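Trainee: Could you take me through one part of this model closely, namely the sheet and what packs around it?

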Amino acid sequence: MTLNTIDDNTSALAFKAGGINYAIQLSYVVEMVQALPITAAPMAPWYIKGICDLRGKIIPVVDLSGFFHGECAFETNYRCLLVVEVNDCLAGLLVDNVLEVVSLSEGSLLEAGDEVSNGFDRYVDKTLNNNGDKILAIDIQKVFCDMIDGEA
């Protein structure tokens with residue numbers, strides 16, 4: 001289910017990456033873990049920070065800021081991995097911090113506005129107004145498809 005077909009009971013996890021607030025549907029989030037040691041992956045795309053061992057499963061680690069905006073996020077003590085599953089594939093999304101679980105009710109959604117540009121708009125379904133804070137609701141399935149197809 002994409003954000004275009006949401007209902008009032010849909011929840012999303014809001015997080016910050018590269019100084020911008022994002023949200024993805026909670027149904028894609030498997031777990032949140034503190035940033036694990038990352039092993040570089042030679043010849044991987046620049047937004048893939050590497051791979052990590054998550055309790056015996058090797059998963060790719062993606063820097064969302066790098067993927068969306070072409071710049072790698074600064075290292076901080078507040079980094080964590082959002083482990084997501086899309087189409088039976090696991091990946092760790094490297095984010096600055098997790099904010100909260102938010103409701104994607106129709107009343108809180110606005111069309112994506114001017115804050116979305118440079119091709120990044122294809123990943124944003126809506127802008128969420130959460131008590132005056134803007135949160136960009138992204139379509140994680142589109143993100144994964146473009147990563148796999150190398151369209152970033």
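Mentor: Happy to; here is the sheet, followed by the helix on it and the nonpolar cores. This is a predicted model, in which local features need pLDDT of at least 70 and side-chain atom pairs count only at pLDDT 80 or more, while totals for chains, interfaces and linings use all residues. Residues are numbered from 1 along each chain as its sequence is written, and side-chain values use heavy atoms, leaving out hydrogens and water.

The sheet is open, with five strands in the order β3-β6-β7-β5-β4 and mixed pairing. Strands here are DSSP runs of E with at least two residues, helices are runs of H or I with at least four, both numbered from the N terminus, and two strands pair if DSSP finds at least two bridges between them. Because β3 (29–34) and β4 (48–54) stand at the edges with a single partner strand each, one side of each is left without a neighbour in the sheet.

Further in, β5 (residues 57–63) runs parallel to β7 (residues 89–95) over three bridges; Val-61 has Gly-92 as its bridge partner in β7. Helix α2 (residues 140–149) packs on the sheet and touches β5, β6 (80–86) and β7, contact meaning heavy atoms within 4.5 Å.

Now the cores: each is a set of buried Ala, Val, Leu, Ile, Met, Phe, Trp, Tyr and Cys residues joined through side-chain atoms within 4.5 Å, where buried means under 20% relative accessible area with a 1.4 Å probe, protein chains only. The largest has 29 residues, with Phe-15, Phe-68 and Leu-93 making the most contacts inside it. Both β6 and β7, as well as α2, are among the elements that each supply at least two of its residues. A second, separate core of eight residues includes Val-33, Leu-54, Ile-59 and Val-83.

Methods
Axes are lines fitted to C-alpha atoms, for helices over the stretch in contact, and angles run from 0 to 180 degrees between N-to-C directions. Buried means under 20% relative accessible area, exposed over 50%, partly exposed in between (1.4 Å probe, protein chains only).
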